[in-house]
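Please look over the chain and its ligand below. The report that follows takes the strands, then the helices, then the ligand shell.

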Amino acid sequence: NASSVPILELVKVEKFFGSFQALHGVSLEIPAGTVTCIVGPSGSGKSTLLRTINMLEPIQGGAIFFKGELCGEEVRNGYRVPVSAAKAREQVLNFGMVFQSFNLFPNMTALENVTLAPRTVRGLSREAAERAAIEHLSRVGLADKRNNYPNELSGGQQQRVAIARALAMQPEVMLFDEPTSALDPELVAEVLEVIRSLANDGTTMVIVTHEMNLASEIADQLVVMADGRIIEQGHPRDVLSHPATERGRAFF
Ligand code: ADP
Ligand code: MG
C-alpha cells in the first residue's frame, strides 16, 4: 500500500568531506504530509543532511529514497551508479529549499523572482507563471508587494518571497535551513507564521531550526543531531522530556 511508503527515507547515510566524516550512518523516515524539525548544535551536520537530501552533496554510503525510488543514484547491472544529469534535474524538483540567506535575485521584483524558475525550468507561459506566482505570494501575505525589489522589502518579507519562490515549483517536500536565523528578532514571527500555515495545510516539511517553540508546536517528529548522528528522535513532547535533550538544550 503506497501510503505506507515514506515520501522520503534515509538509510544509513554516510557523508565525508575528505577524511572528515560529517554524517555517520543517518537513518530517518519522513511520512508524506508530516513536519520534521531538526535541531542540534552548530557543526552537528544539519545543513549537510539537508544538502544530501537535495542532492547538493553526493553521499559516500547508505541511500536516500524518494517514494521508494533511489535518489541521485540508480542500480545498473547490480551496481549503484549516479543518475544521469537529466534524471538528477528531474529528481531535484521534488524538493524546494529555503535557505537562511534568502538569496533573492536583487535586480528582479518579487513577482519576477517567483516566476523565474517556473518559466525557465517548467516552461510555463508568462501569464500562467504570473497567475500562479500571485497565488503563492498571497499565501505568504505579499501579493501587494509583487512589484517591489528585494531591497525595498524587509528581511522577513524577503524570506517570505523566498518561500513563495520555492512553493512555485510545486515541490513535494520543502526543506528549510534555519529560515529565521538571519532575521532581526522582530521579523521572525511573520516568517514562523507562514511556516505554521504551510504545516497546517499538510505540506511535507523538513525544517532545521533553533526555534524550539515552533518545533514543539508543529513538528510531528523532532530530530536531535550531534556530531553527525541522530541522538534523539520522536514526538517533541517525548524528545523534549528526555534527559539527553535537556543536557543538549543549552546548545539550541
Ligand atoms: P550544522 O548545519 O549542523 O551547523 P554542517 O552540516 O554545516 O553543520 O557541518 C557539519 C560538519 O561538516 C562541520 O564540522 C563542518 O565544518 C563540516 N563541513 C560542512 N560542509 C563542509 C565542506 N563543504 N567541506 C568540509 N567540511 C564541511
Ligand atoms: Mg547549518
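## A β-α-β unit

A right-handed β-α-β unit is formed by β9, helix α6 (residues 185-200) and β10. The model is a predicted one.

## Strand β9 and its partners

Strand β9 spans residues 173-177 and is mostly covered. Five of its five residues are buried. V173, L175 and D177 point one way from the strand. M174 and F176 point the other way. Both sets are buried. In a regular strand, side chains alternate between the two faces of the sheet.

Which strands pair with β9? One is β8 (residues 95-98), which pairs with β9 in the parallel sense over four bridges. Here G96 has M174 of β9 as its bridge partner. Another is β10 (residues 204-208), which runs parallel to β9 and is joined to it by five bridges. On this side, F176 has I207 of β10 as its bridge partner. M174 and F176, which take part in these two bridges, point the same way from β9.

## Helix α3

Helix α3 covers residues 110-120. Its buried residues are A110, L111, N113, V114, T115 and P118. What packs over them? The cover includes two other helices, α4 (126-139) and α5 (155-168).

## Helix α1

Is α1 mostly covered or mostly open? It is mostly covered, with six of its eight residues buried. The buried residues are K46, T48, L49, L50, T52 and I53. Just after the helix comes M55, which takes a positive phi of about 60°.

## The shell around ligand 1

Which residues surround ligand 1? The shell holds F17, F20 and A22, then G40, S42, G43, S44 and G45, and finally K46, S47 and T48. Two elements give two or more residues each: β2 (20-30) and α1 (46-53). The largest share, three residues, comes from α1.

By residue class, the shell divides into three nonpolar, seven polar and one charged. K46 and T48 belong to this shell, and both are also among the buried residues of α1.

## In brief

Strand β9 has β8 as a parallel partner and β10 as another. With α6 and β10, strand β9 makes the right-handed unit. Helix α1 is mostly covered and gives the ligand shell its largest share of residues.

How values were computed: Residues are numbered from 1 along each chain as its sequence is written. Chains are lettered from A and ligands numbered from 1 in the order in which they are written. This is a predicted model: local features need pLDDT of at least 70, side-chain atom pairs count only at pLDDT 80 or more; totals for chains, interfaces and linings use all residues. A residue is near a molecule or strand if its C-beta atom, placed from the backbone, lies within 6 Å of it. Ala, Val, Leu, Ile, Met, Phe, Trp, Tyr, Cys and Pro count as nonpolar, Asp, Glu, Lys and Arg as charged, and the others, Gly among them, as polar. A residue is buried if 20 or more other C-beta atoms lie within 10 Å of its own, exposed if 12 or fewer, and partly exposed in between; C-beta atoms are placed from the backbone. Two strands pair if DSSP finds at least two bridges between them. A crossover is right-handed if, with the strands pointing away from the viewer, the path from the first strand over the helix to the second runs clockwise. Two residues are in contact if their C-beta atoms, placed from the backbone, lie within 7 Å.
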